[in-house]
Amino acid sequence: MKQTKTAQIITESVALEFVDPQGDTTELEADLVFDPADPFAVTMVFRTGAQEVHWTFGRELLVEGLYEPTGDGDVHVWPCLSSNGSAVVIVELCSPDGELLVQASSRAVNQFVNRMLASVPDGQESAFVDFDSELARILAS
């Protein structure tokens, strides 16, 4: 059995702006969450009043999306300038129910990414996965 490393869950509250098709923005609150138990993913948790909406996607999209357009399928991430000239990261989420385009301060996203990569360095993700337990869980389903 492979011994795995442990690290703490990292959460960063970020102020997002929802960008509608006309380019108008509405503020949203969300958390970026990295759980080393799933070291290849990040979760964006939107707080929408009484409930939370969770959207999980590959962490490499957030890392690469700070510097260049990335993503395929349901999630796209790219750097941009906001209407007032501030550096932002755009995250586009697509589902059968619709699309959501949000922007966050590049500084806030970069801070989260730096903390995440300090916790679980790029290329070291597999050291944090207990493959035997994961296989047993899948086979038990």
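Me: Two strands pair if DSSP finds at least two bridges between them. In this predicted model, which residue in β7 is the bridge partner of His76?

Reply: The model is predicted. Strands β6 and β7 pair over seven bridges, in the antiparallel sense. In β7, His76 has as its bridge partner Glu92.

Me: Which residue in the turn of the β6 and β7 hairpin has a positive phi?

Reply: Five residues lie between β6 and β7 in this hairpin. One residue in the turn has a positive phi, at about 90°. That residue is Gly85.

Me: In the hairpin of β5 and β6, which residue takes a positive phi?

Reply: Strand β5 covers residues 70-72 and β6 covers residues 75-81; they are antiparallel, with three bridges. Asp72 has Val75 of β6 as its bridge partner. Two residues sit between the strands, and the one with a positive phi near 90° is Gly73.

Me: Which residue in β4 does Val42 stand opposite?

Reply: Strands β3 and β4 run antiparallel, and eight bridges join them. Strand β4 covers residues 51-58. Facing Val42 there is Phe57.

Me: And in the hairpin of β3 and β4, what is the positive phi of Gly49 near?

Reply: The hairpin has two residues between its strands. Gly49 has a phi that is positive, near 85°.

Me: Is Val53 buried, partly exposed or exposed?

Reply: Val53 belongs to strand β4. Beyond its sequence neighbours within four places, Val53 contacts Met44, Val45, Phe46 and Thr48. Its relative accessibility is 34%. Buried needs under 20% and exposed needs over 50%, so Val53 counts as partly exposed.

Me: What distance separates the C-alpha atoms of Val53 and Ala30?

Reply: Val53 and Ala30 are 23 residues apart along the chain. Their C-alpha separation is 9.2 Å.

Me: How far apart in space are Gly23 and Ser83, C-alpha to C-alpha?

Reply: Gly23 sits in the loop that lies between β1 and β2. It is partly exposed, at 47% relative accessibility. Along the sequence, Gly23 and Ser83 are 60 residues apart. In space, C-alpha to C-alpha, the distance is 9.0 Å.

Me: How far apart are the end C-alpha atoms of helix α2?

Reply: Helix α2 holds 14 residues, 106-119. At 1.5 Å a residue, the expected span is 20 Å. The model agrees with this: the end C-alpha atoms are separated by 20 Å.

Me: Within what arc do the buried residues of α2 fall, seen down its axis?

Reply: The buried residues are Ser106, Ala108, Val109, Phe112, Val113, Met116 and Ser119. They line one face of the helix, because seen down its axis they fall within an arc of 165°.

Me: Which exposed residues does the face of α2 turned away from its buried side carry?

Reply: The buried residues of α2 pack against other elements, including β1, β2, β3, α1, β7 and β8. The face turned away from that buried side carries exposed residues. They are Arg107 and Ala118.

Me: Which residue caps the N-terminal end of α2?

Reply: The contact runs from a side-chain oxygen to the backbone nitrogen of Arg107. The two atoms lie 3.1 Å apart. The oxygen, and with it the cap, belongs to Ser105.

Me: What is the relative accessible area of Ser106?

Reply: Ser106 lies in α2. Setting aside residues up to four places away in sequence, Ser106 touches Leu66, Ala87, Val88 and Val89. Buried means under 20%. Ser106 is buried because its relative accessible area is 16%.

Me: How many disulfides does a search of the whole structure find?

Reply: Cys94 is buried, at 16% relative accessibility. Cys80 is partly exposed, at 35%. A disulfide needs two cysteine sulfur atoms within 2.5 Å. Across the whole structure, the number of disulfides found is zero.

Me: What percentage of the residues in the protein chain is buried?

Reply: The chain has three helices and eight strands. Their order along the sequence is β-β-β-β-α-β-β-β-β-α-α. Of the contacts with a separation of 6 or more, 41% join residues 24 or more positions apart. Of the 141 residues, the buried share is 37%.

How values were computed:
Residues are numbered from 1 along each chain as its sequence is written. This is a predicted model: local features need pLDDT of at least 70, side-chain atom pairs count only at pLDDT 80 or more; totals for chains, interfaces and linings use all residues. Side-chain values use heavy atoms; hydrogens and water are left out. Helices (H or I, at least four residues) and strands (E, at least two) are DSSP runs, numbered from the N terminus. The expected span of a helix is 1.5 Å times one less than its number of residues. Buried means under 20% relative accessible area, exposed over 50%, partly exposed in between (1.4 Å probe, protein chains only). The arc is that of the directions from the helix axis to the C-beta atoms. Contact means heavy atoms within 4.5 Å. A polar contact is a pair of N or O atoms within 3.5 Å; within protein, one must be able to donate a hydrogen and the other to accept it, and residues adjacent in sequence count only if both atoms are side-chain atoms.
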